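Visitor: I would like a close look at a single part of this protein, a strand and its surroundings. Could you take me through it slowly, with the criteria behind each term?

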Amino acid sequence: MASTISTGTLPREEMVRALVTAAHAESLGVHEGVVATYIPQLAEADPDACAVSVVSVRGRSVEVGDIGESFSIQSVSKPFVLALACDALGADVTRDRLGANATGMPFNSVMAVELNEQRTMNPMVNAGAIAATSLLVDAGGDREAGWGLVREGLSRFAGRDLVIDEEVYDCETRTNLRNHGIAHLLHSYGRVLGDPDVATDVYTRQCSLSVDTHDLAVMAATLADGGVNPITRERVVREDTCAKVLAVMATAGLYERTGDWLWDIGLPGKSGVSGAIVTVSPGKGGLATWSPRLDAAGNSVRGQLITRRLSIDLGLNIFASRAVEE
């Protein structure tokens, strides 16, 4: 079918449902990729699970697949914590502290810290994300107050009270030595505020929050609508904050594969190792997918395929245009 262009609104609900259903069904025949195993709870995920949710800025939702399944938010939390930091401290201060450029290296790279003068580079990789969390901990004044700012802010994005998956948190706490090392390295360069172990702990809690695909689509739709949650109608962050966050997602949201993602899909997105991907279509809505099989960069294989198909069929690509006839 001919694709539409990125301006305007989403197509009518019946068409969205048919296209989402088709994209989901098509992806089920794909069995490439492997489930993350470095966190035992992630290794227990059903590799064939798959869910898709589209939520418009008006609050309408279309959902297909394993929608009721919960999973830890992991790195998908990063753009939303960045938004909270921008709102709390101002976008310019936040960019100066965290950066906005891609590293071209894996999300947990120590080498990226050492090779780049700014050290944090961007808040979509672990180094910048831990630094972003430290900004909120510092703003809160201590560990628990800072954690409250993070959890309550992410809950406002989702439109419901989010809670930690304690098994994931306990497991990650025992195995996140690399993140502790990154935090201490950044602290030595003055890029993590306060106690680096506290920043790492709050970051670990943040990544352990339990969500489902609908939650993530609502969170993405909140960014799509300039910071207003489409379900609760609460303003979560400022409109100008959303524009800055989407820029960083477009720069580095899928790690070293972000250029390929923009080439194929043309939208700001963010992936996580639990198998989730959130995608924002400004002014239209949010798209979330969840399927645990990952590629070598840590991005869901099926999620990328589904999002690519829907970007074309729903006319979401922000780089697509059509010549106006004179």
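Guide: What follows is a walk through one strand, its sheet and the parts around them.

The model is a predicted one, in which local features need pLDDT of at least 70 and side-chain atom pairs count only at pLDDT 80 or more, whereas totals for chains, interfaces and linings use all residues. Residues are numbered from 1 along each chain as its sequence is written, and side-chain values use heavy atoms, with hydrogens and water left out.

The strand to look at is β1, which covers residues 51-56; strands (E, at least two residues) and helices (H or I, at least four) are DSSP runs, numbered from the N terminus. β1 belongs to an open sheet of five strands, arranged in the order β2-β1-β7-β6-β5 with antiparallel pairing, where two strands count as paired if DSSP finds at least two bridges between them. The edges of this sheet are β2 (61-65) and β5 (269-271), each of which pairs on one side only. Direction ignored, neighbouring strands of the sheet are turned by 10° against each other on average, the axes being lines fitted to C-alpha atoms (for helices over the stretch in contact) and the angles running from 0 to 180 degrees between N-to-C directions.

On one flank, β1 pairs with β7 (residues 285-290) in the antiparallel sense over six bridges, and the bridge partner of S53 in β7 is A288. On the other flank, five bridges join β1 to β2, again antiparallel, with A51 standing opposite G65. β1 and β2 form a hairpin with four residues between them, and G59 in that turn has a positive phi of about 95°.

How is β1 covered on its two faces? In a regular strand the side chains alternate between the two faces of the sheet. In β1, A51, S53 and V55 on one side and V52, V54 and S56 on the other are all buried, so that six of its six residues are covered in this sense, buried meaning under 20% relative accessible area, exposed over 50%, and partly exposed in between (1.4 Å probe, protein chains only). Helix α1 (residues 13-27) lies across β1 and β2 and runs at about 25° to β2.

The surroundings can be followed further through the nonpolar cores, each a set of buried Ala, Val, Leu, Ile, Met, Phe, Trp, Tyr and Cys residues joined through side-chain atoms within 4.5 Å. The largest has 66 residues, and L154, F157, L216, M219, L223 and M249 have the most contacts inside it. One of these, L216, touches F71, I73, V76, V211, A276, V278 and A288, not counting residues up to four places away in sequence, contact meaning heavy atoms within 4.5 Å; A288 is also the residue that bridges to S53 of β1. Apart from the largest core lies another, of 20 residues, and V52 of β1 is among them, as are L254, I265 and I306.

Two loop residues round off the picture. Q74, in the loop between β3 (71-72) and α3 (78-89), has a positive phi of about 50° although it is not a glycine, and at 3% relative accessibility it counts as buried. Y255, in the loop between α12 (239-252) and α13 (258-264), likewise has a positive phi, of about 55°, without being a glycine, and its relative accessibility of 5% makes it count as buried.
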